[in-house]
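The following exchange invites a close look at one part of a molecular model and then places that part in its surroundings.

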Amino acid sequence: MDSLTDVKTEKGIRTRFAPSPTGFLQLGNIRTALFTYLFARKNQGVFILRIEDTDKERSKPEYEKDILETMKWLGLNWDEGPEVDGGFGPYRQSEKLDVYEKYLRQLLEENKVFYCFCPEEELEIQRQYQLSQGQPMIYSGKCRDLSPAAAQENFRQGKKAIIRLKNNQGEKTVFDDLIRGRIEFEPGLIGDFSIAKGLREPLYNFSCVIDDFDMKITHVVRGEDHVSNTPKQILLQQALGFPTPKYAHLSMILAPDRSKLSKRHGAVPVREYREEGYLAEALINFLVLLGWHPEDEREIFSLKSLLKEFSLERVQKSGAVFNQLRLDWLNGFYLRNLSLESLTEKCLPYLIKAGLIKVSAESIPAQLIPVPTEEKWREQKYEISELSLSKKVSELSLPKKVEESQEIVEFDYLTRVVGLYQQRLKKLSEIVELTDFFFKDKIVYSFELLRWKEMKDKEIKESLSVAEKTLEKVKTEDWQKQNLETVLLAAAEKTGPKVQQADFRVKDRGDRGYLLWPLRVALSGKKASASPFEITEVLGQEKTLKRIKQAKMLLEKNNKTLFSCFARSNKS
RNA sequence: GCCGCUAUCGUCUAGUGGUCAGGACAUCAGCUUCUCAAGCUGAGAACACCGGUUCGACUCCGGUUAGCGGCACCA
């Protein structure tokens, strides 16, 4: 494609990402932003962020804040836009009303646009009629040739008007899409479309054309939903005498049933992915592979490496289904590749929010940036993203939330806890339910969980006693995973019934589960966890023995209940 | 309804006239194993359909079908 090779040699590329602050940024928005950003950077161009807030009713400051925050979090830094003046501002459309009015007046004077007084209801009926007749749904042109005097009269009567372009499209409107190639639109299918509700109330297609010109945009990268806006914008550019930028339309992200991504599946604000504990790196990597692929078969990409490799030529034309499982896998991959210290720092806010670890309110300012307000902090009404940690966190001591003890949790201890679950984590938020038992004084679980296979209650108790005795004997200085494993394995092979080994060279040994399963459950209270060797090591001897005793008591209590039930039923 | 876009394993995709149609996620099986993961090994799994061009079509052309997007005084 000629147009694509042009891009490579062309100097001074300027692109923009132009979201409207009418909702939180979604995956689809972000993918458009990412591709636009990569295209700009790859070609040494300028990446501009423009806030399209012409819709006064739906635009909200909190959404604009979300746009800026999300972009920064993902590392999609803009060269010009809010907070970064590049000389082509303002970058918020609501601040450019004078500019739009100027061009609108110019078009009015040149008789290229007209006031339309048709009531909305009438237009709606007309569209329905056209639909029923199999005709294209376009404006009839009723007010197009209204004389200035008639228009004035209408205004005097207080009638409301919008401004429409006098569409004189006589031939096909054509443009070469950088991704899709040539796209043609027959004349007669667009009509006199609306461009403003008033002199200071521009509509999307108009403000977009003005801004793209004003900001000297050379390449427009946007979603496929704008393909049919493109001929309208080209027509407007022609009316205004503006050059037409190059266009590249990206396909959409689809739900698993290939329908449009809806709130039901996947259309989740990006901020929620962040809250749940997805890494920006994983999200970027996931999204870029939704529609783009390098020349070889690599699948792991950092934003930095994409800067070198990305090209619009290799962008897919068809829509891509959003695949949560793949995102989870990628996030797990990035989590596993984090340094343990950095992973622990990322987990910390989740543990704090869950109340497993407490940081005193006084010490917050030094440790947490930015700081949630004290009230929010006490009521735990803050978001994880508000707890991003300072670099110094690894030097901190964090008081643990245990009423009866004054134990101090060292960062180093947290590192060891988190370390046990690094391979098991798909998202950061999971760290809470995975490791809560390390931070609790007493754990709660059903005694039935202690049972391995068909073990009898008595056997479970015996098994726990063996574990207890074995671990009691271990000297404090020998309380290390390696040693604990050796000792426990030796005991385990003696405890369980003999099991024939598949390999005849290996001597038959006891079913290790007889000892290890009840022990692991006694320590963790969970049916799935890290190995008992790892848990005992991190938990420490004192707590380990305490938990085993707790388990034995649970069994006894249960037997008593059973016995009393039995006694009662005997009586009757 | 009208216009436009799209079409390779379940999903994301590689592929540009001659390939055993490749990779990743997911699935299944095996190894490992006290559990859950992770890891390693292996397996199954696709060119929407119909015509045409050609010695030869996943690849080029036409049509059909299906999906998506748009047809606002939203963006």
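A request and a connected answer follow.

Q: Please take a close look at helix 13 of chain A. How many residues does helix 13 have, where does helix 13 bend, and what covers its buried residues?

A: This is a predicted model, in which local features need pLDDT of at least 70 and side-chain atom pairs count only at pLDDT 80 or more, while totals for chains, interfaces and linings use all residues. Residues are numbered from 1 along each chain as its sequence is written, and chains are lettered from A and ligands numbered from 1 in the order in which they are written.

Chain A contains 22 helices and 16 strands. Here helices (H or I, at least four residues) and strands (E, at least two) are DSSP runs, numbered from the N terminus. Of the 572 residues in chain A, 32% are buried. A residue is called buried if 20 or more other C-beta atoms lie within 10 Å of its own, exposed if 12 or fewer do, and partly exposed in between, with C-beta atoms placed from the backbone. Among the contacts in chain A with a separation of 6 or more, 73% are made by residues 24 or more positions apart. Two residues are in contact if their C-beta atoms, placed from the backbone, lie within 7 Å.

Helix 13 comprises residues 340–353, 14 residues in total. From its first C-alpha to its last, helix 13 reaches 20 Å, close to the 20 Å expected at 1.5 Å a residue; the expected span is 1.5 Å times one less than the number of residues. Helix 13 nevertheless bends by about 30 degrees at Cys-347, and a proline, Pro-349, follows within four residues. The bend at a residue is the angle between axes fitted to the seven residues ending there and the seven starting there.

Helix 13 is mostly covered, with ten of its 14 residues buried. Among the buried residues are Leu-343, Leu-348, Leu-351 and Ile-352, and the charged residues Glu-345 and Lys-346 also belong to the buried group. Both Cys-347 and Pro-349 are buried as well. The cover over the buried residues includes helix 12, helix 16 (411–419) and helix 17 (431–439). After helix 13 comes Gly-355, whose phi is positive, near 80 degrees.

One of the covering elements leads to another part of the model. Helix 12 (324–336) is among the elements that give two or more residues to the surface near RNA strand B, as are helix 5 (120–132), helix 20 (513–524) and helix 21 (532–539). In all, 65 residues surround RNA strand B, and the closest are Glu-52, Tyr-204, Lys-260, Ser-318 and Ser-531. A residue is near a molecule or strand if its C-beta atom, placed from the backbone, lies within 6 Å of it. The residues of this surface divide into 26 nonpolar, 17 polar and 22 charged. In this division, Ala, Val, Leu, Ile, Met, Phe, Trp, Tyr, Cys and Pro count as nonpolar, Asp, Glu, Lys and Arg as charged, and the others, Gly among them, as polar.

Another covering element, helix 17, leads along the chain towards helix 18. In the loop between helix 17 and helix 18 is Lys-453, which has a positive phi of about 50 degrees although it is not a glycine. Lys-453 is exposed, because 11 other C-beta atoms lie within 10 Å.

Helix 18 offers a second pattern of burial to set beside that of helix 13. Helix 18 covers residues 457–473 and has 17 residues, reaching 25 Å from its first C-alpha to its last, close to the 24 Å expected at 1.5 Å a residue. Its buried residues are Ile-460, Ser-463, Leu-464, Ala-467 and Leu-471. Seen down the axis of helix 18, these buried residues fall within an arc of 95 degrees, so they line one face of the helix. The arc is that of the directions from the helix axis to the C-beta atoms. On the other side of helix 18, Lys-458, Ser-465, Lys-469, Glu-472 and Lys-473 are exposed.

In summary, helix 13 bends at Cys-347 and is mostly covered, with helix 12, helix 16 and helix 17 included in what covers its buried residues.
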